[in-house]
Structures are given as C-alpha cells and as structure tokens.
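Q: I'm new to this structure and would like a close look at one part of it. Could you pick a helix, walk me around it, and then show me how its surroundings fit into the rest?

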Amino acid sequence: MNHSDRTRTIARTASYIVAGILVLLPFHAVFTTWLGANFGYIDLFRIWKELIIFGLLLPLALYIAWSDSAIRRWTRSSWLATLLLFYVVLHLLIGYMALVQHAVTPVAFVYALLINLRFLGFFVIVTVFVSHSDFLMKHWRTIIIGPAVVVIVFGLLQLVLPYNFLEHLGYGPHTIPAYQTVDQKLQYRRIQSTLRGANPLGAYLVLLLPLLVVGVRSTSRRWVLGVAGVLTLLFTYSRSAWLGLVVTAAILVYWKTNARSRRIVFAAAALMVVLGVAGVFAFRNSNVVQNSLFHTDETSRSSVSSNASRLYQIKQATKDVVHEPLGRGPGTAGPASFRNDKPARIAENYFLQIGQEVGVMGVVTFICINLLVVRALWRQRSLALARVLLATWAGITLINLVSHAWSDDTLVYLWWGLAAMVAAPAILNEKRKRYAKK
C-alpha cells in the first residue's frame with residue numbers, strides 16, 4: 001500500500017468513527033447520566049467523545065496533515081488557522097495567569113478549556129479527514145436525520161409519560177433534572193427529550209428542522225417529521241429557539257424565492273406578525289399567553305422571574321467585561337465556573353461569557369473565526385446543506401445572545417462537524433474542487 005492509499009484508508013476509517021460520534025451525540029446525555037448514576041465517575045463518562053476525538057482522532061489527523069502539502073500550506077498561510085491557534089494560546093496564557101493568582105481552580109480551568117475549545121478542534125480534525133474521504137458528505141443524511149427522528153418521537157412521548165419518567169434513567173438533583181417547567185408549574189412542563197434540557201433541545205431543533213427539509217426526500221415523510229419537530233419545539237417553551245427558527249426560516253425563504261415571491265411571502269409574514277402581536281395584546285391576561293411567552297403570570301411561584309434574572313445576569317456580565325477587558329480566566333464564568341471555588345458567573349450570553357473569561361480580544365477573535373467559517377460556507381452555497389448551515393448559524397447566534405448554546409455538546413459538535421464537511425474545499429483553498437450537489 002503506497003502512501004496515498006494509506007492516507008485515504010486512515011481518513012475513511014476515522015470518518016467512520018466521526019460518524020459514530022455524531023450518531024450517538026443526541027443520546028449521550030441519557031446514557032452517560034444512567035452510567036454515572038449507577039457506577040459513579042459521571043464526569044469521566046461525559047467526556048467519552050473528547051477522549052475519542054483528542055486521544056484517537058487527533059493523532060490520525062496530525063499524521064494526515066503532516067503528510068499533505070496542501071494542509072501544511074493552509075496552516076502556514078490561512079487567517080483561520082492563525083486565529084484558531086491564537087485563540088488557543090490566549091486561553092492558555094490567561095488561564096495560566098488565573099491559576100497563578102488563584103482566580104480559578106485547576107478543575108474549572110480544564111473544564112473551561114474543553115467547553116471553549118473542543119468544537120474548534122473537532123472542526124479542524126473533521127476538515128482534515130474530509131479532505132481525503134467523502135464518506136461523511138455522502139452519508140450525512142443517515143448520520144444526522146436518523147437520530148433526530150428518535151429525539152423528536154421521544155420528545156412527543158414526554159407529553160404523555162409521567163413527568164418524572166427520566167428518574168428511572170438516573171436523572172435527578174445530582175445529575176440532570178428529570179423534568180423542567182415554566183415558572184415551576186407542572187401544567188407547563190417543558191419537553192427535553194434525550195438532551196440536557198429544554199433549551200438545548202430547542203437549539204438542536206433549530207438546526208435539525210431545516211436539515212429535515214433538505215435531507216428527507218419523501219414529501220410525505222418530510223411533512224410528518226416537520227410537523228412533529230415543530231410541535232416538539234413548541235413544547236420546549238424555549239423562546240430563544242422559537243426566534244432562532246424564525247430567523248433561520250426567513251433567510252432560507254429569502255434564498256429560495258425570487259424577488260416577486262419574496263414580496264408576497266414577507267407581506268404575508270408581516271401580516272402574521274401584526275395579527276400575532278394583536279392577539280398577544282388582546283389575550284395578554286390569559287395564563288397560557290403569560291406563561292408561554294413571558295414565563296410568568298400573576299400566580300407565579302418564583303420569587304424572581306426568569307426574564308428579570310436573565311436581564312440582570314447580562315447586565316452584570318457586560319459590566320464585568322468593561323471593568324476587566326483582559327478577562328479573568330477560563331473557568332471563571334459560564335458552566336465551568338460551577339466547578340470553581342468562587343461564586344459561579346452565568347452571563348446568559350455566550351459571547352459575554354467568553355469576554356468574562358478571555359477578554360475583549362478573545363471575543364473579537366471568536367467572532368472573526370465564526371465569520372471566516374461563514375465565508376467558507378458561503379463559497380459552497382450552491383449546496384443545500386451549506387445554505388442550511390449559513391441560515392442556522394444566524395439563528396443559533398441569536399440564541400447564543402441569551403444563552404450558552406455553544407456550550408451544549410450535541411449542538412456544537414453537530415453544527416461545527418457539518419460545517420467542516422461542507423466547507424473543507426473552500427477552507428483548504430482547493431479553488432476548482434467543489435462537491436457535487438447533493
């Protein structure tokens with residue numbers, strides 16, 4: 001076997017492993033919680049994918065990259081590669097200073113590095129494999145849509161299952177809450193399916209619903225799954241996900257229609273918005289409207305509304321970034337800060353979280369990385385999958401303005417993994433190479 005054949009074999013074998021990870025991701029919260037509840041070591045079980053990605057796949061990707069002149073050239077000349085490296089180094093430098101100053105514990109620091117950097121590493125690794133194997137692009141529908149159907153079906157079943165059903169799988173106060181509600185009211189129970197919660201499920205569906213439209217070839221199945229998915233999203237009561245899907249759908253409709261059709265569609269949409277606002281105003285005292293849209297009412301059981309709490313956290317995080325423009329260190333904010341020995345700081349905004357941890361420079365770098373990836377996807381916009389990823393990036397970015405969506409394992413690996421599959425030719429400057437329309 002010559003060197004070229006060996007490289008293709010390694011890339012294809014690694015692609016099989018990547019596919020397995022992507023298939024299991026929508027269910028990993030369930031099986032890791034069950035394993036952790038029954039055998040302990042839940043943190044070890046939760047990083048199963050990181051162990052595979054960085055323990056097994058990374059060395060394989062490095063071998064391919066070292067033997068491929070195009071990839072070596074990309075690492076030396078690409079702005080994206082430069083910014084990715086700078087972002088990693090920035091985390092390490094500021095994190096080291098935070099450790100020296102005892103602003104963060106080693107555990108919180110390592111956990112923050114995983115959360116903040118893992119998906120960018122996965123993106124690069126998948127890009128390398130895709131440059132030598134088309135397996136993932138050929139089979140993305142099966143890899144992504146099959147598990148999504150299970151997630152949607154189980155989510156709808158939660159409407160009729162006992163509210164504490166997930167306790168049988170190890171969910172509870174020490175793992176993941178077995179159920180979530182709006183304003184602590186059981187009649188407004190929020191679907192979370194197999195994901196970590198209702199909001200992560202909502203963000204996941206913002207990505208999956210458009211993928212169902214372009215990935216399911218049968219019109220009848222597409223309608224059935226689409227309606228089921230929208231119902232599941234509706235009963236997550238995730239308002240940010242609702243808005244994210246609206247933004248995503250608006251972008252896709254704009255690209256799909258001509259100028260005349262766009263005017264008709266957006267006129268109809270504007271009319272629906274007006275009618276919707278009028279309806280909300282007319283029924284503003286209804287418990288259903290108050291709980292669904294505002295997550296509170298006059299019979300609220302919460303001492304502080306979720307809206308007031310989120311607004312306070314965003315304001316506080318903004319002050320933190322202004323007063324500490326260099327950041328306080330990875331692990332001092334966001335989900336990782338729960339593992340710190342100081343009070344956790346939850347910004348309710350992913351970008352502000354990055355600012356709290358690695359400063360304004362970190363936020364700017366992360367935004368530039370996003371824009372460069374979007375540019376690469378734009379170059380591949382003749383593909384339906386590329387257009388979906390561009391539209392969902394806008395919707396998910398909106399969600400990240402009021403949550404920490406990029407901290408969720410399932411969503412972040414799926415979106416950035418798919419982005420690597422589609423954008424690899426444009427990223428590696430293969431000017432004449434483009435995927436066939438699929």
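A: Here is a walk around helix α11 and its surroundings, followed by a few stops farther along the chain.

Keep in mind that this is a predicted model. The protein has 438 residues, and 49% of them count as buried. There are 18 helices and two strands. Among contacts with a separation of 6 or more, 75% join residues 24 or more positions apart. The accessible surface comes to about 20,900 Å², and carbon and sulfur atoms hold 67% of that.

Now to α11 itself, which runs over residues 219-234. With 16 residues at 1.5 Å a residue, the helix should span 22 Å, and its end C-alpha atoms are indeed 22 Å apart. Which residues of α11 are buried? They are Leu225, Ala228, Gly229, Thr232 and Leu233. These five sit on the same side of α11, because they cover an arc of only 140° around the axis. Turn to the other side of α11 and you meet Trp223 and Val224, which are exposed. So what covers the buried residues of α11? The cover includes α9 (140-157), α10 and α12 (239-256).

Step off the end of the helix and you reach the loop between α11 and α12, where threonine 236 lies. Is threonine 236 buried or exposed? Its relative accessible area is 0%, so threonine 236 is buried. Leaving aside neighbours within four places in sequence, threonine 236 is in contact with Arg190, Ile191, Ala198, Leu201, Gly202 and Trp242.

Tryptophan 242 is a handy stepping stone to a distant part of the chain. Glycine 395 is 153 residues away from tryptophan 242 in sequence, yet the two are 9.3 Å apart in space, C-alpha to C-alpha. Glycine 395 belongs to helix α17 (residues 384-400). With a relative accessible area of 0%, glycine 395 is buried. Not counting residues up to four places away in sequence, glycine 395 touches Gly244, Val247 and Thr248. As for α17 as a whole, this helix is mostly covered, with 14 of its 17 residues buried. From first C-alpha to last, α17 reaches 24 Å, close to the 24 Å expected at 1.5 Å a residue.

Let's go back to the neighbourhood of α10, one of the helices covering α11. Threonine 194 sits in the loop between β2 (185-190) and α10 (198-215). This threonine 194 counts as buried, because its relative accessibility is 6%. What lies 2.6 Å from a polar atom of the side chain of threonine 194? The backbone oxygen of proline 26 does. Proline 26 also turns up among the contacts of threonine 194, along with Phe27, Ala29, Val30, Val151, Phe154 and Tyr171, once neighbours within four places in sequence are left aside.

Next come the nonpolar cores. The largest has 110 residues, and within it Trp415 and Trp416 touch the most other members. Helix α18 (residues 409-427) gives the most to this core, with 15 residues. Apart from that core lies another, of seven residues, including Ala29, Tyr171, Ile176 and Ala178. Two of those names, Ala29 and Tyr171, also appear among the contacts of threonine 194. As for tryptophan 416, its contacts beyond four places in sequence are Phe119, Leu120, Phe123, Ile369, Asn370, Val373 and Trp406.

Finally, two loop residues have a backbone angle worth a look. Most residues other than glycine have a negative phi. Tyrosine 41, however, has a phi near 55°, a positive value in a residue other than glycine. Its place is the loop between α2 (28-39) and α3 (42-46). Tyrosine 41 counts as exposed, because its relative accessibility is 64%. Histidine 102 also has a positive phi, about 60°, although it is not a glycine. You'll find histidine 102 in the loop between α6 (79-100) and α7 (106-130). At 61% relative accessibility, histidine 102 counts as exposed too.

Conventions
Residues are numbered from 1 along each chain as its sequence is written. This is a predicted model: local features need pLDDT of at least 70, side-chain atom pairs count only at pLDDT 80 or more; totals for chains, interfaces and linings use all residues. Side-chain values use heavy atoms; hydrogens and water are left out. Helices (H or I, at least four residues) and strands (E, at least two) are DSSP runs, numbered from the N terminus. Buried means under 20% relative accessible area, exposed over 50%, partly exposed in between (1.4 Å probe, protein chains only). A polar contact is a pair of N or O atoms within 3.5 Å; within protein, one must be able to donate a hydrogen and the other to accept it, and residues adjacent in sequence count only if both atoms are side-chain atoms. Contact means heavy atoms within 4.5 Å. The expected span of a helix is 1.5 Å times one less than its number of residues. The arc is that of the directions from the helix axis to the C-beta atoms. A nonpolar core is a set of buried Ala, Val, Leu, Ile, Met, Phe, Trp, Tyr and Cys residues joined through side-chain atoms within 4.5 Å. Accessible areas come from the Shrake-Rupley method with a 1.4 Å probe; for residues, only the protein chains shown count as cover.
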